[in-house]
Every structure is written in structure tokens, then in C-alpha cells.
Amino acid sequence: DGLTGIPNRRYFDETLSREWRRARRNQTSISLMMCDVDLFKRYNDALGHQAGDDCLRQVAALLSANMQRPSDTAARYGGEEFVAILPETASGGAIMVGEKVRHALHQAHLPHPEAPLGFVTLSIGIATLLPAGDDGPETLIRAADQALYRAKHEGRDRVCVAGKA
């Protein structure tokens with residue numbers, strides 16, 4: 001990605017497809033984290049687009065730095081959304097990574113004048129599947145996206161897991 005320096009959406013799509021096929025072959029689970037910078041439009045409105053670009057670069061670097069294993073892949077999904085592919089990772093491991101990323105962002109304490117806590121936070125949706133049948137990677141994306149929507153709906157700055165209330 002030209003702005004953030006981490007892999008872009010195209011790389012993400014190709015990697016997820018490859019990891020999905022590998023997980024199906026090996027009968028292992030695969031997890032996906034979808035992350036959204038909370039109240040990013042307000043951030044841009046308050047501090048300007050250059051500050052917004054810098055914020056995205058910092059979030060991308062933090063996300064990338066907190067991947068657990070070389071096979072884990074962080075990428076920019078679009079706008080202020082990021083994703084992380086976590087091959088051979090069960091739900092519990094994905095939650096640990098999500099919380100680690102969220103807490104690292106808390107520690108970074110990037111000022112956000114329009115946020116309730118006064119600094120930049122992330123909402124994270126996680127889905128874990130064991131590929132089977134005719135399902136494709138879009139099933140995993142859809143589930144993680146729904147979990148992300150729930151994280152935002154429940155108050156932001158949290159990790160929500162698909163299929164768990």
C-alpha cells in the first residue's frame with residue numbers, strides 16, 4: 001500500500017485465497033481480523049488529512065509489528081480499515097492477537113480530540129473457520145465484517161468474535 005507501507009488489498013486477496021486453500025488441504029483453521037480506526041472521519045475533520053494519513057501509517061506499523069508469526073499477514077483493506085490473516089490459528093489465538101494490537105494502540109496514545117478516550121482506538125472483528133465444502137474465503141470475510149460491525153455497534157474500542165455474543 002503506497003500510503004501505509006504494508007501490503008495492499010490485492011495482496012490481501014491473493015494471500016487469503018492461498019491460505020484458504022492451504023487450510024482446506026491441511027484441515028486447519030484460519031482466522032481473519034478486520035480492524036477499523038474508530039471515528040476516523042472526525043479525526044480527519046479535526047486534525048486534517050495529512051494528520052489522518054500519518055495516523056493510518058502509525059496504525060499500520062503497529063498492526064504489522066504485533067503479528068505473532070511470520071505467516072501472519074497484516075494488510076490495508078481500504079480507507080481506515082485493516083485486516084490480518086492468521087493461518088492455523090484458532091479463535092482463542094486470534095482474540096489474543098486482537099487484544100494485543102488494541103492494547104498496543106492504547107499504549108501509543110495517538111491523540112484524537114474527538115474520541116471519548118482522547119486517543120485513537122480500534123474496533124476489531126474476528127472470524128475463525130475450518131474451510132470445508134464449497135465455502136470460499138468470502139465466507140470468512142463476511143463473518144469478520146459482521147463481527148466488526150458488532151464491535152462498532154457495542155461501543156467501539158473492542159474485539160468481537162463472529163458467532164459469539
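I looked up threonine 73 of strand S2 (73-78) in this predicted model and found it opposite isoleucine 85 in S3. A second pair I checked on these strands is alanine 74, which stands opposite alanine 84 in S3. S2 and strand S3 (residues 81-87) pair in the antiparallel sense, and I noted 5 bridges between them. The hairpin of S2 and S3 has 2 residues between the strands, and in it I found glycine 79 with a positive phi near 55°. I then looked up burial in S2: 5 of its 6 residues are buried, which leaves the strand mostly covered.

Next I traced the sheet. I recorded 5 strands in an open sheet of mixed pairing, in the order S2-S3-S1-S4-S5. Which strands stand at the edges? They are S2 and strand S5 (159-161); each has a single partner strand, so one side of each is left without a neighbour in the sheet. For the twist I noted an average of 20° from one strand to the next. Helix H5 (residues 137-153) packs on this sheet, where I found it touching strand S1 (30-37), S2, S3, strand S4 (122-129) and S5. The direction of H5 makes about 145° with that of S4.

I went on to S1. Its pairing with S3 is antiparallel over 7 bridges, and I looked up one bridge partner there: cysteine 35 has phenylalanine 82 in S3. S1 and S4 also run antiparallel, joined by 8 bridges. On that side I noted alanine 127 in S4 as the bridge partner of leucine 32.

How many residues of S1 are buried? I found 8 of the 8, so S1 is largely enclosed by the rest of the structure. In a regular strand the side chains alternate between the two faces of the sheet. I therefore listed S1 by face, citing that alternation. One side holds Ile30, Leu32, Met34 and Asp36, the other Ser31, Met33, Cys35 and Val37, and all are buried, so that both faces are covered.

I turned to the helix pair H2 and H3. The axes of helix H2 (residues 40-47) and helix H3 (residues 49-65) come within 7 Å and cross at roughly 135°. I therefore entered H2 and H3 as oblique to each other. On the H2 side I listed Phe40, Tyr43, Asn44 and Leu47 in the contact, and on the H3 side His49, Ala51, Gly52, Cys55 and Leu56. By class, I noted 6 nonpolar, 3 polar and no charged residues in the contact of H2 with H3.

The last entry is on helix H4 (residues 91-108). I noted 18 residues in H4 and a reach of 26 Å from its first C-alpha to its last, close to the 26 Å expected at 1.5 Å a residue. Which residues of H4 are buried? I found Ser91, Ala94, Val97, Gly98, Val101, Arg102, Ala104, Leu105 and His106. An α-helix has 3.6 residues a turn, so residues three or four places apart point the same way. What covers the buried residues of H4 includes S1, H3, S3, S4 and S5. After H4 comes histidine 109, for which I noted a positive phi near 50°.

Methods:
Residues are numbered from 1 along each chain as its sequence is written. This is a predicted model: local features need pLDDT of at least 70, side-chain atom pairs count only at pLDDT 80 or more; totals for chains, interfaces and linings use all residues. Side-chain values use heavy atoms; hydrogens and water are left out. Two strands pair if DSSP finds at least two bridges between them. Helices (H or I, at least four residues) and strands (E, at least two) are DSSP runs, numbered from the N terminus. Axes are lines fitted to C-alpha atoms, for helices over the stretch in contact, and angles run from 0 to 180 degrees between N-to-C directions. Contact means heavy atoms within 4.5 Å. Buried means under 20% relative accessible area, exposed over 50%, partly exposed in between (1.4 Å probe, protein chains only). Angles under 35 degrees count as roughly parallel, over 145 as roughly antiparallel, 65 to 115 as roughly perpendicular and the rest as oblique. Ala, Val, Leu, Ile, Met, Phe, Trp, Tyr, Cys and Pro count as nonpolar, Asp, Glu, Lys and Arg as charged, and the others, Gly among them, as polar. The expected span of a helix is 1.5 Å times one less than its number of residues.
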